[in-house]
Amino acid sequence: MGRPLFYEIVEKPASSCIIGICSAIWFYIQKKNIGYSHVGLSYETAVEGHHWRIITSAFSHISVLHLVFNMSALWSLGVVEQLGHMGLGVSYYLQYTLVLVVLSGLLVLGMYHVLIQRFKLEYFRRVTAVGYSCVVFGWMTILSVKQPSSKLDLFGFLSLPISFAPFESLIFTSIIVPQASFLGHLSGIIVGYAIAWGLIHGMNNYWAISMLGWIVLVFMYSLKRSGTYDFYFLEVESVTDPSLPSVRFLGSGRTLQMSAIAVEGVEIV
């Protein structure tokens, strides 16, 4: 007989919270009948300044099956939170989840850029990607390096050796789900290996909180700049050099100057 769910949740607090957030977002999207073109990430929308989509696309899902598959895999990968004795644990999990969300999204855009600009494949300009799979594939990869003897359980009955899970899942989803984003999943695997092999390292609570602060700032700035949402306390204006935008918090008189950040189909990730 398995352990009570309550104890599992206590041992996997971060995974449980993320599953709750993704589920709540899916429910909200379904209830409000929000189109995925409004929250997904594409090269075209990124060029237009919708950088906030890197975050919203990661936590949005197309269907309940899409959600269940990703959250089932994420629940199994929550074992990372229980491996504090191996240098992993809850803090490590949260810190590098931030890295996976941001870098996998940027890497996908980079791949789209090469395919569009170098190989003239205009199809990828409007492909919209949504889903948490890039992060799931990243954690599959990290766990396959850190603890290759682990198993990945899907739907409570399907078990895969974690050492082969990233590429098995990459091929499986590409065949079974034609809309699955091969590039999105591949980006998660690449960033996952970079983390597992120590090419990306040094994250701690200070850098994670700093990174989260910048994510929130850029998220709000891009929402405002793209006209998607109007924050009444945030004003975007040009100062000194017209090519460099600034962010002003009304009421404080403080201005922060920063450098600018330079649907034909839907892909689920």
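How far apart are the end C-alpha atoms of residues 58-80, and how much of the chain there is helix or strand? The legends below begin with that span; the model they describe is predicted.

**Figure 1. Two of the spans that UniProt annotates as transmembrane regions.** The UniProt entry, which is unreviewed, places this feature at residues 58-80, 92-116, 123-142, 154-175, 182-200 and 206-223. Take residues 58-80: the chain is 65% helix and 0% strand over this span, and its end C-alpha atoms are 20 Å apart. For residues 182-200, the helix share is 79%, with 0% strand, and the end C-alpha atoms lie 23 Å apart.

**Figure 2. The largest pocket and its lining.** Here is a space of about 620 Å³ to explore. It is lined by 25 residues, and those closest to the pocket centre are Ile 21, Ile 55, Phe 59, Leu 98 and Leu 212. Two or more lining residues come from each of α2 (13-32), α4 (53-58), α6 (89-117) and α11 (205-225). Helix α6 provides the largest share, 7 residues. If you are thinking about the chemistry of the wall, the lining of this pocket has 19 nonpolar and 6 polar residues, and no charged ones.

**Figure 3. The largest cavity.** This view turns to a space of about 100 Å³. Of its 13 lining residues, Leu 41, Ser 57, Gly 105, Cys 134 and Val 269 are the closest to the centre. At least two lining residues come from each of α4 and α6, and α6 makes the largest contribution with 4 residues. By class, the cavity lining has 8 nonpolar and 5 polar residues, with no charged ones.

**Figure 4. The largest nonpolar core, together with a second one.** The largest core has 48 residues, of which Leu 74, Leu 77, Tyr 132, Trp 139, Leu 152 and Ile 195 touch the most other members. At least two core residues are supplied by each of α2, α5 (64-77), α6, α8 (133-146), β2 (151-154), α10 (182-196) and α11. Helix α6 gives the most, with 8 residues. A separate core of 15 residues includes Tyr 43, Ala 46, Ile 54 and Met 111.

**Figure 5. Contacts around Leu 152 and Ser 76.** Setting aside residues up to four places away in sequence, Leu 152 touches Ala 73, Ser 76, Leu 77, Met 140, Leu 158, Ser 159, Leu 160, Ile 162, Ala 165 and Ser 169. Ser 76 is found in helix α5. Is Ser 76 buried or exposed? Its relative accessible area is 12%, so Ser 76 counts as buried, the cut-off being under 20%. Beyond its neighbours within four places in sequence, Ser 76 is in contact with Lys 151, Leu 152 and Asp 153. The C-alpha atoms of Ser 76 and Met 140 are separated by 9.6 Å, while the two residues are 64 residues apart along the chain.

**Figure 6. Positive phi values at Asn 33 and Lys 120.** Most residues other than glycine have a negative phi. Asn 33, which is not a glycine, has a positive phi of about 55°. Asn 33 lies in the loop between α2 and α3 (43-47), and it is exposed, with a relative accessible area of 69%. Lys 120 has a phi near 60°. Its place is the loop between α6 and α7 (123-126), and at 57% relative accessibility Lys 120 counts as exposed.

Definitions and conventions
Residues are numbered from 1 along each chain as its sequence is written. This is a predicted model: local features need pLDDT of at least 70, side-chain atom pairs count only at pLDDT 80 or more; totals for chains, interfaces and linings use all residues. Side-chain values use heavy atoms; hydrogens and water are left out. UniProt positions are given in the numbering used here, feature names are shortened, and annotations may be inferred rather than shown by experiment. On a 1 Å grid over the protein atoms alone, a cavity is a set of points where a 1.4 Å probe fits but cannot get out, and a pocket is an open set with protein on both sides within 12 Å along at least five of seven lines; lining residues have an atom within 4 Å of a point. Grid points are joined across faces, edges and corners, and a volume is the space filled by probe spheres set on the points. Ala, Val, Leu, Ile, Met, Phe, Trp, Tyr, Cys and Pro count as nonpolar, Asp, Glu, Lys and Arg as charged, and the others, Gly among them, as polar. A nonpolar core is a set of buried Ala, Val, Leu, Ile, Met, Phe, Trp, Tyr and Cys residues joined through side-chain atoms within 4.5 Å. Buried means under 20% relative accessible area, exposed over 50%, partly exposed in between (1.4 Å probe, protein chains only). Contact means heavy atoms within 4.5 Å.
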